[in-house]
Amino acid sequence: TNAYFQGDVNGDGLLSMDDHQQLMTLIKQTTPPTARELYAGDIDGDGSLTTKDIAPLNRLINGKDVNPQ
């Protein structure tokens with residue numbers, strides 16, 4: 001089974017640009033994401049996958065703080 005965690009949008013166990021691409025695909029599609037995809041991709045915690053999740057996801061991928069001060 002795939003173990004989704006915050007930022008691992010594609011469920012492969014890694015943080016990478018593949019997760020960025022998967023998030024972009026999920027944002028554009030008309031069908032709702034699965035619960036796992038929503039958990040992993042909703043970085044800003046607003047309950048949906050939106051363009052507001054992209055920058056924080058990229059910070060995670062690059063090993064930076066999601067919410068810089």
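Visitor: Which residues make the nonpolar surface patch of about 270 Å²?
Guide: This is a predicted model. Look at the surface and find the nonpolar patch of about 270 Å². Its members are Phe5, Leu15 and Tyr39.

Visitor: Is Leu15 buried, partly exposed or exposed?
Guide: Start with its place: Leu15 sits in the segment before α1, the helix spanning 17-28. Its relative accessible area is 32%. Buried needs under 20% and exposed needs over 50%. Leu15 falls in between, so the word is partly exposed.

Visitor: What is the relative accessibility of Tyr39?
Guide: Tyr39 is in helix α2. Tyr39 counts as partly exposed. The value is 49%.

Visitor: Which residues touch Tyr39, leaving aside neighbours within four places in sequence?
Guide: Contact here means heavy atoms within 4.5 Å. One of the partners, Phe5, also belongs to the surface patch with Tyr39. The full set is Tyr4, Phe5 and Gln6.

Visitor: How far apart are the C-alpha atoms of Tyr39 and Val9?
Guide: Along the chain, Tyr39 and Val9 are 30 residues apart. In space, their C-alpha atoms are separated by 8.3 Å.

Visitor: Which residues form the largest nonpolar core?
Guide: Now go inside. This core has 10 residues. They are Val9, Leu23, Leu26, Ile43, Leu49, Ile54, Leu57, Leu60, Ile61 and Val66.

Visitor: Which helix supplies the largest share of this core?
Guide: Both α1 and α3 (54-61) each supply at least two residues of the core. The largest share is four residues. That share comes from α3.

Visitor: Which residues are in contact with Leu60, leaving aside neighbours within four places in sequence?
Guide: Leu60 is a member of the core. Two of its partners, Ile43 and Val66, are core members as well. Another partner, Leu15, belongs to the surface patch. The whole list is Gln6, Gly7, Leu15, Ile43 and Val66.

Visitor: What is the nearest side chain of opposite charge to Glu37, and how far away is it?
Guide: Glu37 is found in helix α2. Glu37 is buried yet has no salt bridge. A salt bridge needs the charged atoms within 4 Å. The nearest side chain of opposite charge is Arg36, at 9.8 Å.

Visitor: Which residues does Glu37 contact, leaving aside neighbours within four places in sequence?
Guide: Core residues are among them, including Val9, Leu26 and Leu49. The full list is Tyr4, Val9, Gln22, Leu26 and Leu49.

Visitor: How far is Asp19 from the nearest side chain of opposite charge?
Guide: Asp19 is in helix α1. Asp19 is buried and has no salt bridge. Its contacts include Asp8, Asp12 and Leu57, setting aside neighbours within four places in sequence. The nearest side chain of opposite charge is that of Arg36, and the distance is 13 Å.

Visitor: Why does Asp53 count as buried?
Guide: Asp53 is in the loop between α2 and α3. Buried means under 20% relative accessible area. Asp53 counts as buried because its relative accessibility is 0%.

Visitor: How far apart in space are Asp53 and Leu23, C-alpha to C-alpha?
Guide: Asp53 touches Leu23, among other residues. The two are 30 residues apart in sequence. Their C-alpha distance is 8.3 Å.

Visitor: Is Lys52 buried or exposed?
Guide: Lys52 lies in the loop between α2 and α3. Its relative accessible area is 61%. The cut-off for exposed is over 50%. Therefore Lys52 is exposed.

Visitor: What is the C-alpha distance between Thr51 and Lys28?
Guide: Thr51 lies in the loop between α2 and α3. Thr51 is exposed, with a relative accessible area of 57%. Thr51 and Lys28 are 23 residues apart in sequence. In space, C-alpha to C-alpha, the distance is 9.7 Å.

Key:
Residues numbered from 1 in each chain as written. Predicted model: local features only at pLDDT ≥ 70, side-chain atom pairs only at ≥ 80, totals over all residues. Heavy atoms only, no water. Patch = residues over 30% accessible without salt bridge, like charges linked within 9 Å, V, L, I, M, F, W, Y side chains within 5 Å. Areas by Shrake-Rupley, 256 points an atom, 1.4 Å probe, with all protein chains shown as cover. Buried < 20%, exposed > 50% of the residue type's maximum accessible area, 1.4 Å probe, protein only. Core = buried A, V, L, I, M, F, W, Y, C linked by side-chain atoms within 4.5 Å. Lys, Arg positive; Asp, Glu negative; His and termini not counted.
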